[in-house]
Protein chains: 2
Amino acid sequence: MAFFICSREWREKSDWYRYFAENVKGSKRKNRFPDIIEYRQQAIKDIQFANASFDLVVSSLALNYVADFAQVCHKIYACLTEKGQFIFSIECPVFTAHGSQDWCYDSSGAKLHWPVDNYFNESPRQAEFLGHKVTKYHKTLTTYLISLLTAGFSIARLIKAEPADYLLDKIDGMRDELPRPMMLLVLAEKT
Amino acid sequence: MAFFICSREWREKSDWYRYFAENVKGSKRKNRFPDIIEYRQQAIKDIQFANASFDLVVSSLALNYVADFAQVCHKIYACLTEKGQFIFSIECPVFTAHGSQDWCYDSSGAKLHWPVDNYFNESPRQAEFLGHKVTKYHKTLTTYLISLLTAGFSIARLIKAEPADYLLDKIDGMRDELPRPMMLLVLAEKT
């Protein structure tokens with residue numbers, strides 16, 4: 001059994017949220033799979049499941065909105081079965097540290113570089129995201145990884161996502177993903 | 001038995017290099033422990049030891065000078081005993097990406113932020129270090145961690161070093177270590 005975490009802001013862009021919205025949630029639509037899919041709308045910090053409920057927990061760009069990542073790690077560890085996997089994507093600390101979520105530009109408006117500042121100041125950052133004003137909690141890489149390890153997870157894979165060559169000229173703005181890392185993807189295992 | 005790796009540039013600052021220099025290496029000085037300490041001066045990529053020779057491999061700010069980190073991981077994995085540990089510090093990718101190794105300043109000369117650029121361009125960067133011109137090989141966090149995991153290591157601990165509060169006003173320049181991460185410290189285990 002799997003547990004999927006998605007943020008309120010990102011849900012309109014998320015394939016699986018759209019799937020839920022179309023098949024499960026909508027009051028006008030029928031949940032086609034009521035016996036196997038359950039939808040909950042609640043704060044991530046408040047999730048509560050029986051121990052060993054899931055073989056897989058997947059979170060897509062949701063955990064930047066959580067203040068206490070260590071607490072979430074403990075909860076997810078508990079609700080996973082032995083050898084269960086926790087896979088998540090977050091905006092990486094290099095991306096969230098400065099808070100502006102914007103490049104530095106030269107006087108002609110060309111992108112110069114990505115600014116990093118206040119890296120070790122773990123605190124809320126106000127940002128504009130998909131037309132919403134949102135609060136993200138900047139955390140260091142240390143906090144992400146030590147929280148996972150302390151909860152009992154092993155780090156099976158970790159990458160800062162890099163665009164594939166064939167996408168660079170196919171998707172607008174994809175070349176902007178080369179100068180600085182934006183996404184951190186982690187596969188952690190309950191061992 | 002332990003194996004310590006230190007760079008040529010850093011050796012004058014390194015406690016253990018000084019120890020070696022004073023006790024082991026110097027032609028004028030006597031190696032006080034010839035039976036238990038051996039000193040070698042060679043490229044890290046050329047190290048060659050019998051399998052399972054060491055319980056511990058420690059590297060201090062040396063692996064930024066290595067082009068092929070994956071090769072080093074395989075060599076170190078092979079020369080470690082079961083449950084052996086590989087502990088290393090490196091200048092972290094956020095620090096090495098741009099290449100200037102310097103801040104962005106405002107017109108009055110005050111530090112604005114740390115620039116990140118060319119993050120996914122893994123290639124040599126020329127830098128000035130302790131009075132020497134040196135070539136460092138910028139690598140992404142992905143490369144460091146996937147190389148370790150692929151070689152067979154588990155990641156036991158990983159931190160981006162943050163200065164302790166009591167050091168901030170005690171050591172000149174220590175407050176500059178708060179806005180951006182400089183050092184990455186990893187403890188990997190042969191499992």
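**Exercises: two chains and their helices**

Helix α2(A) passes α4(A) in a right-handed crossing (the near helix is turned clockwise from the far one by less than a right angle; anticlockwise would be left-handed). You're looking at a predicted model, where local features need pLDDT of at least 70 and side-chain atom pairs count only at pLDDT 80 or more, while totals for chains, interfaces and linings use all residues. Residues are numbered from 1 along each chain as its sequence is written, chains are lettered from A and ligands numbered from 1 in the order in which they are written, and side-chain values use heavy atoms, leaving out hydrogens and water.

**Exercise 1. Find out how many helices and strands chain A has, and in what pattern they run along the sequence.**

Step 1: Count the elements. Chain A has four helices and nine strands; these are DSSP runs numbered from the N terminus, with helices being H or I of at least four residues and strands E of at least two.

Step 2: Put them in order. The pattern of chain A is β-α-β-α-β-α-β-β-β-β-α-β-β.

Step 3: Look at the contacts, meaning heavy atoms within 4.5 Å. Of those in chain A between residues at least 6 apart in sequence, 65% join residues at least 24 apart.

Step 4: Zoom in on a pair. A:S59 sits in strand β2 (residues 54–60) of chain A, and its C-alpha atom is 6.4 Å from that of A:S89, 30 residues away along the chain.

**Exercise 2. Describe how α2 and α4 of chain A pack, and which residues meet.**

Step 1: Get the geometry. Two packed helices are described by the angle between their axes and the distance between the axes. Here α2 (residues 69–79) and α4 of chain A pack at about 35 degrees, with axes 9 Å apart. The axes are lines fitted to C-alpha atoms, for helices over the stretch in contact, and angles run from 0 to 180 degrees between N-to-C directions.

Step 2: List the partners. From α2(A), the residues A:F69, A:A70, A:C73, A:H74 and A:Y77 meet A:T143, A:Y144, A:S147, A:L148, A:T150 and A:A151 of α4(A).

Step 3: Sort them by class. The contact of α2(A) with α4(A) splits into seven nonpolar, four polar and no charged residues. Nonpolar covers Ala, Val, Leu, Ile, Met, Phe, Trp, Tyr, Cys and Pro, charged covers Asp, Glu, Lys and Arg, and the others, Gly among them, are polar.

**Exercise 3. Is α4(A) largely enclosed or largely open?**

Step 1: Count its buried residues. Eight of the eleven residues of α4 (residues 141–151) of chain A are buried, so this helix is largely enclosed by the rest of the structure. Buried is under 20% relative accessible area, exposed over 50%, and partly exposed in between (1.4 Å probe, protein chains only).

Step 2: Name them. They are A:L141, A:T142, A:Y144, A:L145, A:S147, A:L148, A:L149 and A:A151.

Step 3: Check what follows. A:G152, just after α4(A), has a positive phi of about 120 degrees.

Step 4: Step back to the core. The largest nonpolar core has 82 residues, and A:F86, A:L148, B:F86 and B:L148 have the most contacts inside it. Such a core is a set of buried Ala, Val, Leu, Ile, Met, Phe, Trp, Tyr and Cys residues joined through side-chain atoms within 4.5 Å.

Step 5: Follow B:L148. Apart from neighbours within four places in sequence, its contacts include B:F69, B:F86, B:F153 and B:V186.

**Exercise 4. Which rotation superposes chain B on chain A?**

Step 1: Read off the operation. A rotation of 180 degrees, with 0.0 Å of shift along its axis, does the job at an RMSD of 0.0 Å; the superposition is by least squares on C-alpha atoms of residues with pLDDT of at least 70 in both copies.

Step 2: Name it. That's the relation of a two-fold axis.

Step 3: Compare the surfaces. The same surface serves both copies, as 100% of the contact residues of chain B recur in chain A.

Step 4: Locate the axis. B:P115 comes closest to it among the residues of chain B, at 2.5 Å (C-alpha).

**Exercise 5. Where is A:N118, and what is its phi?**

Step 1: Place the residue. A:N118 lies in the loop between β5 (111–116) and β6 (124–129) of chain A.

Step 2: Check the backbone. Most residues other than glycine have a negative phi. The phi of A:N118 is positive, near 55 degrees.

Step 3: Check accessibility. A:N118 counts as partly exposed because its relative accessibility is 35%.
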